[in-house]
Amino acid sequence: MAAEVETMFYTREKPWHGLGVCVQEAPVSEEALRVAGLNWEVLQKPVYTKGSREFIPGYKANVRSTDQKVLGIVTDRYKVVQNTEAFAFTDTLLGNGVRYETAGSLQGGRRVWLLARLPREYIIAGERISPYLVFSNTHDGSGAVRVAVTPIRVVCNNTLNLALQTASRSWSMVHTGDIKGKIKEAEDTLFKAEDYMDRLGTEFEQLRKKKITEQQLTEYIEILLPVTGDTTKTQEKNINRLREDFKMRYFDAPDLQGTGMNAYRFLNAASDFATHAAPLRRTANYNENLFIRTMDGNPVIDRAYQLVCAA
């Protein structure tokens with residue numbers, strides 16, 4: 001398994017990011033904590049100078065309870081959001097019996113996440129779209145608690161995150177102040193997720209009406225996969241291969257037949273390319289970065305969306 005994944009599970013079929021250990025049924029929160037390897041707490045302990053028992057005022061160490069590993073150094077203002085609180089938040093939001101599709105730990109426990117299926121499924125542009133809620137948290141002080149909605153086309157398991165101008169796909173809160181109160185306030189996330197999905201459906205209908213010529217398709221792909229003045233011959237050859245791969249996903253993908261030559265088809269091809277195409281160079285953390293872009297937004301999909309909106 002790649003370098004940054006510490007523990008993780010997924011249900012049934014391997015997900016688009018290709019990470020984790022398979023379990024047959026999506027577990028409830030208590031079992032998901034155990035299977036994901038997240039059944040530990042973050043303890044806050046004083047920070048001492050090296051070789052001295054004198055502690056450094058204003059700072060604490062976030063330490064994992066199971067192995068005493070230091071996850072990060074934070075200020076006194078930092079409030080811990082435990083893994084159990086993350087699952088409790090989602091349980092409360094989605095109701096008793098919510099099932100978790102995947103959860104796990106990255107970077108030695110410094111970053112954790114869970115992903116749960118939202119209770120409502122949508123039919124958008126004649127296709128089944130299943131929204132998921134992703135809860136991400138850092139224990140090293142490097143980032144906020146983030147919650148995002150991730151729409152996925154059921155037929156092909158492609159993520160469809162779009163940076164809509166009229167609805168946000170993610171929300172966050174910092175690790176300071178009244179954390180419990182903030183989590184309580186964040187329970188309107190479900191309404192935000194529903195608003196995003198409703199607006200996504202409206203956007204998809206508009207994109208289906210935007211016709212794309214073969215010349216436009218070529219121009220869009222060349223913008224997404226540019227050849228510049230300092231591109232070497234080898235790099236140009238590889239980029240041309242990726243361009244042909246993209247075109248194949250647009251013209252030949254079985255799940256896109258019958259959708260018409262339009263912006264909606266182009267975005268689905270961009271999503272397929274961004275999440276499934278073999279990279280020119282596979283880094284040690286490629287799969288983890290692909291998963292993280294589910295939360296932060298995939299730049300290829302976002303750029304493709306900007307191109308068709310500007311046309």
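This is a short talk about one hairpin and one helix in this structure.

Okay, before anything else: what we're looking at is a predicted model. I've picked two spots to walk through.

Let's start with the hairpin. Find strand β4, residues 55-64, and then strand β5, residues 70-75; the two run antiparallel, and five bridges join them. If you want one pair to look for, take Lys-60, whose bridge partner in β5 is Val-74. Between the two strands there are five residues. In that turn, have a look at Gln-68, which has a positive phi of about 60 degrees.

Now stay there and look at the surface. Which residues form the nonpolar patch? They're Ile-56, Tyr-59, Val-70 and Ile-73, and together they have about 350 Å² of accessible area. β4 and β5 are the elements that each give two or more residues to this patch, so we're still on our hairpin.

Let me zoom in on one of the four. Ile-73 sits in strand β5. Is it buried or exposed? Somewhere in the middle: Ile-73 has 47% relative accessibility, so it counts as partly exposed, a class that runs from 20% to 50%.

Right, on to the helix. α7 covers residues 263-276, which is 14 residues. From its first C-alpha to its last, α7 reaches 20 Å, close to the 20 Å expected at 1.5 Å a residue. At the start of α7, look for Asn-262: one of its side-chain oxygens comes to within 3.3 Å of the backbone nitrogen of Tyr-264.

And why do I call α7 largely enclosed by the rest of the structure? Because 13 of its 14 residues are buried, and buried here means under 20% relative accessible area.

Definitions and conventions:
Residues numbered from 1 in each chain as written. Predicted model: local features only at pLDDT ≥ 70, side-chain atom pairs only at ≥ 80, totals over all residues. Heavy atoms only, no water. Pairing = 2+ DSSP bridges. Helix = DSSP H or I, 4+ residues; strand = E, 2+ residues; numbered from the N terminus. Patch = residues over 30% accessible without salt bridge, like charges linked within 9 Å, V, L, I, M, F, W, Y side chains within 5 Å. Areas by Shrake-Rupley, 256 points an atom, 1.4 Å probe, with all protein chains shown as cover. Salt bridge = Lys/Arg side-chain N within 4 Å of Asp/Glu carboxyl O. Buried < 20%, exposed > 50% of the residue type's maximum accessible area, 1.4 Å probe, protein only. Expected span 1.5 Å × (residues − 1). Polar contact = N/O pair within 3.5 Å; in protein donor to acceptor, adjacent residues only side chain to side chain.
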